[in-house]
Amino acid sequence: MKDFKYVGTRPIRHDGLDKVTGRANYGADFALPGMLYGAVLRSPHAHARIVSIDTKAAEAMPGVKAVITGDDIPENFAKVAIGGEGTFDMHDMGDNALAHGKALYNGHAVAAVAAVSLEAAQEAAVRIEVVYEPLEPVLSIDRALAADAPILHENLVEGQGPTNVAARMELKRGDLDAGFAEADVVIEREFRTPMAHQGYIEPHACVARYGEDGRVLVWCTTQGPFLVRDACAAILGLDGSKIKVISSEIGGGFGGKIPVYLEPLAIALSRKANRPVKMVMTRDEVFRATGPTSGTKVVMKLGAKRDGTLVAAHASMWYEAGAYRGSPFGAGAMCCLAAYKIPNFFIEAYDVVVNKPKVAAYRAPGSPASTFATESLVDEIARTLGLDPIDLRLKNAVAEGDNAPYGPAYGPIGLKQVLEAARNHPHWTAPLAPNQGRGIACGFWFNAGLSSSATVTLDGDGSAAVVTGNPDIGGTRVAQALMVAEELGIPVDRVRPIVADTDSVGFTDVTGGSRVCYATGMAVIAAARDVCDQLRARAAKIWDIDPASVEWEDGRAVPPDGADGRGPLTVAELAAKIGHTGGPIVGRASVNAPMAGPGFGAHICDLEVDVETGRSIVVRYTAIQDAGKAVHPDFVEGQMQGGASQGIGMALNEEYIYNASGVMENAGFLDYRMPVASDLPMIDTVIVEVPNPLHPYGVRGVGETPIVPPLAAVANAMRDATGIRFTELPLSPPRVLEGLSARTTEDRDAWRPSTYQAV
Amino acid sequence: MATVHLPSGLTQHTGGVDEIIIDAPRVRELMLALAERFPGLAGQLDRMAVAIDGDIYHDAPYHKLTPTSEVYLVPRVGGGESFDQRLSHI
């Protein structure tokens with residue numbers, strides 16, 4: 001691996017002081033003169049026809065300046081491509097922002113108000129008279145698939161007739177029957193996971209100003225300012241070139257801040273009121289009306305030979321899409337067997353609409369639920385065969401040259417190195433106390449590429465600025481500054497990383513898919529190298545020699561041997577002369593990068609179960625992952641710890657709870673139980689570095705993989721602690737207590753403590 | 001010339017063919033040739049990413065192919081978002 005001077009170090013992030021002192025500006029911190037405040041009226045019903053909406057009383061309220069309904073956002077049936085992000089259904093995105101004719105989930109926006117104060121807007125919103133015709137809500141996959149199920153969308157799939165199944169895909173390899181015939185042990189189980197929210201601390205917020213000249217300014221918290229621009233233009237029928245989006249600092253997104261919710265409403269209200277409009281969601285609204293990840297049902301069967309060789313797998317999986325098609329069912333299918341060489345498999349996956357909020361991307365979307373099934377069964381096979389779970393995984397682990405279940409052969413990947421690191425970690429052999437259990441599980445994510453742009457400007461004092469278009473969620477500013485420092489050979493605190501608005505930088509896809517350090521990083525490195533090339537030319541001009549003869553080494557322009565005793569010129573020396581050698585220096589680059597190359601991880605979890613109450617706590621946890629190259633190890637470790645924490649939350653407590661009418665009953669952090677710092681131990685991390693050949697430094701993306709293993713790592717630890725194989729999440733105290741209570745004497749006798757137990 | 005592998009969900013449009021050799025200089029011409037050979041694929045191909053010798057591209061119609069190129073059509077995934085959010089029954 002290349003020797004680095006700055007990459008791989010741990011400098012303080014440039015935005016750190018502002019963030020820890022509260023000075024950083026987030027979505028709700030922006031204000032404009034004359035600004036109004038917006039409020040949204042949301043459906044109390046999970047499924048209802050909207051018979052009529054009367055806004056007259058609301059419009060007559062003091063201070064009310066504008067009221068909008070679905071009539072103000074024309075239904076758009078066009079399927080509009082939004083740069084780089086594939087094709088989005090503008091009808092669904094617009095209809096989700098403001099309902100047209102039918103409310104499809106509890107919390108679906110039905111109307112919105114702008115007034116001189118938030119209180120006035122909220123009071124007016126409840127004066128809007130909506131007549132609903134309630135319909136039976138579809139609240140589960142099983143109900144959605146039933147022959148007599150209510151149908152959410154009359155023409156969901158053209159030519160298919162009434163259905164709640166939006167899409168299906170399949171993957172297969174080999175001969176399934178022959179594979180299972182070869183197996184000495186076959187285990188089949190049904191797994192379920194509930195909807196779970198991304199749980200970002202910062203709610204959705206924006207300010208929009210629709211100008212008299214038709215130019216629009218949007219300030220908002222988002223993972224993708226260019227996507228906000230293009231989506232708002234498409235939904236509202238505006239010219240995207242007249243929309244400027246400024247992304248604020250972002251208090252978490254995890255995929256949930258890719259869609260637009262408030263932004264089109266704020267623009268429409270501003271257009272109607274001729275004043276800027278600010279809108280901020282409450283936590284209740286965030287839960288009810290923004291994208292969680294899918295609830296799922298996975299039926300999986302896995303077969304292995306006596307020596308642990310996996311020979312066949314069959315999986316059927318159904319993903320709740322929420323109210324509109326578009327669950328991550330395809331990714332779930334593609335990920336679930338990605339870690340193992342299995343010669344015979346058949347996977348089918350379905351996208352199912354239900355009367356719940358439209359799901360959004362959530363950190364490795366689709367992979368955690370399907371991998372929960374696989375890794376639980378792998379654990380069970382290891383137990384059944386009496387094999388060490390790491391040995392069994394290593395025996396079947398994919399390596400370079402093996403084909404992924406979705407087709408192509410893997411390039412260099414680090415799964416085996418990750419598993420070896422897990423086996424060598426002291427955690428794996430540490431003793432356990434009574435009522436404790438240990439589990440291990442693997443995880444996979446693709447890591448995206450897509451489009452990014454960057455410019456690097458050099459100042460006369462030898463400092464530099466790097467300008468990109470990705471909101472900084474995971475420490476990407478400092479990572480990009482490190483890359484510029486590495487190329488130019490200047491200290492990282494002499495590099496100013498800037499997140500620019502949509503008018504100030506070239507098109508850049510969203511901060512998501514674990515792509516920023518990889519793809520935007522490629523653009524940053526190329527832009528910095530462009531600066532270096534220009535500096536070589538400036539040095540050649542000073543020396544009056546051929547630019548091609550000048551080398552760039554360790555941050556200096558180096559003349560050829562025997563160049564009349566001329567010494568190398570540093571960046572600072574060259575920068576001091578830029579006014580005399582041709583003027584300012586700006587490097588620029590853009591990329592459309594292929595997908596980064598997969599990231600694999602393995603997590604070890606120790607769980608302690610209170611057999612009296614069913615409450616369990618994680619007492620020790622280790623996350624191991626192939627990062628390719630950790631540009632800033634603090635933030636790689638932070639991603640691994642953050643992903644593990646969210647996955648542990650999904651495993652232990654998090655779930656959307658609905659009553660029979662389809663009303664969410666736990667739309668707040670008191671009742672929707674996410675793990676907080678005091679719930680978790682310090683999560684240990686081990687970074688494995690198998691360089692990704694597609695990136696100049698070997699980066700492969702790290703943000704998503706670590707949310708994949710925890711579901712099964714926790715469930716496997718629960719199995720180790722209690723002898724019970726739970727197949728439905730979360731493992732909340734009532735469910736665990738129910739499981740413990742149902743154990744028969746025979747069950748208890750059959751269970752033996754794991755070899756880790758000190759007892 | 002490239003060897004093209006089709007996912008099982010698409011073989012309903014190819015009469016069961018899941019591997020085919022196509023003489024095409026670039027991805028664009030390969031896709032056009034596939035659609036001409038199997039008209040049922042025409043509406044499906046723009047929903048697929050293309051893996052060329054192991055590297056997955058979302059938008060690479062002008063990527064050159066070699067006689068030994070190994071091409072897989074892969075459902076689109078990326079950007080923190082699942083892309084297979086269309087009507088596709090693949």
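Biologist: In what pattern do helices and strands follow one another along the sequence of chain B?
Modeller: This is a predicted model. Chain B has one helix and seven strands. Read along the sequence, they give the pattern β-β-α-β-β-β-β-β.

Biologist: What percentage of the contacts in chain B between residues at least 6 apart in sequence join residues at least 24 apart?
Modeller: Chain B has 90 residues, and 46% of them count as buried. Of its contacts between residues at least 6 apart, the share that joins residues at least 24 apart is 51%.

Biologist: And what is that share in chain A?
Modeller: Chain A has 22 helices and 28 strands. Buried residues make up 58% of its 759 residues. Among the contacts in chain A with a separation of 6 or more, residues 24 or more positions apart account for 81%.

Biologist: What radius of gyration does chain A have, and how does this stand against a compact globule?
Modeller: The C-alpha atoms of chain A fill a box of roughly 90 × 70 × 50 Å along the principal axes. For 759 residues, a compact globule would have a radius of gyration near 27 Å. Chain A agrees with this, because its own value is 27 Å.

Biologist: Which helix gives the largest share of the largest nonpolar core?
Modeller: That core holds 272 residues, and Val484(A) is among the members that touch the most others. Leaving out residues up to four places away in sequence, the contacts of Val484(A) include Val456(A), Val524(A) and Ala528(A). The largest share of the core, 15 residues, comes from residues 516-543 of chain A, helix H16.

Biologist: Is Asn25(A) buried or exposed?
Modeller: Asn25(A) lies in the loop between helix H1 (16-20) and strand S1 (36-42) of chain A. Beyond four places in sequence, Asn25(A) touches Phe30(A), Ser248(A) and Glu249(A). A residue with 12 or fewer C-beta neighbours within 10 Å falls in the exposed class. Asn25(A) has 12 inside 10 Å, so this residue counts as exposed.

Biologist: How far apart in space are Asn25(A) and Thr221(A)?
Modeller: In sequence, 196 residues separate Asn25(A) and Thr221(A). From C-alpha to C-alpha, the distance between Asn25(A) and Thr221(A) is 9.9 Å.

Biologist: Which residue of S28(A) is the bridge partner of Ala623(A)?
Modeller: Strand S27 (residues 616-626) and strand S28 (residues 684-688) of chain A pair in the parallel sense over five bridges. With helix H19 (residues 633-652), S27(A) and S28(A) make a right-handed β-α-β unit. In S28(A), the partner of Ala623(A) is Thr685(A).

Methods. Residues are numbered from 1 along each chain as its sequence is written. Chains are lettered from A and ligands numbered from 1 in the order in which they are written. This is a predicted model: local features need pLDDT of at least 70, side-chain atom pairs count only at pLDDT 80 or more; totals for chains, interfaces and linings use all residues. A nonpolar core is a set of buried Ala, Val, Leu, Ile, Met, Phe, Trp, Tyr and Cys residues joined through C-beta atoms within 7 Å. A residue is buried if 20 or more other C-beta atoms lie within 10 Å of its own, exposed if 12 or fewer, and partly exposed in between; C-beta atoms are placed from the backbone. Helices (H or I, at least four residues) and strands (E, at least two) are DSSP runs, numbered from the N terminus. Two residues are in contact if their C-beta atoms, placed from the backbone, lie within 7 Å. Two strands pair if DSSP finds at least two bridges between them. A crossover is right-handed if, with the strands pointing away from the viewer, the path from the first strand over the helix to the second runs clockwise. The radius of gyration is taken over C-alpha atoms; the globule rule is 2.2 Å times the number of residues to the power 0.38.
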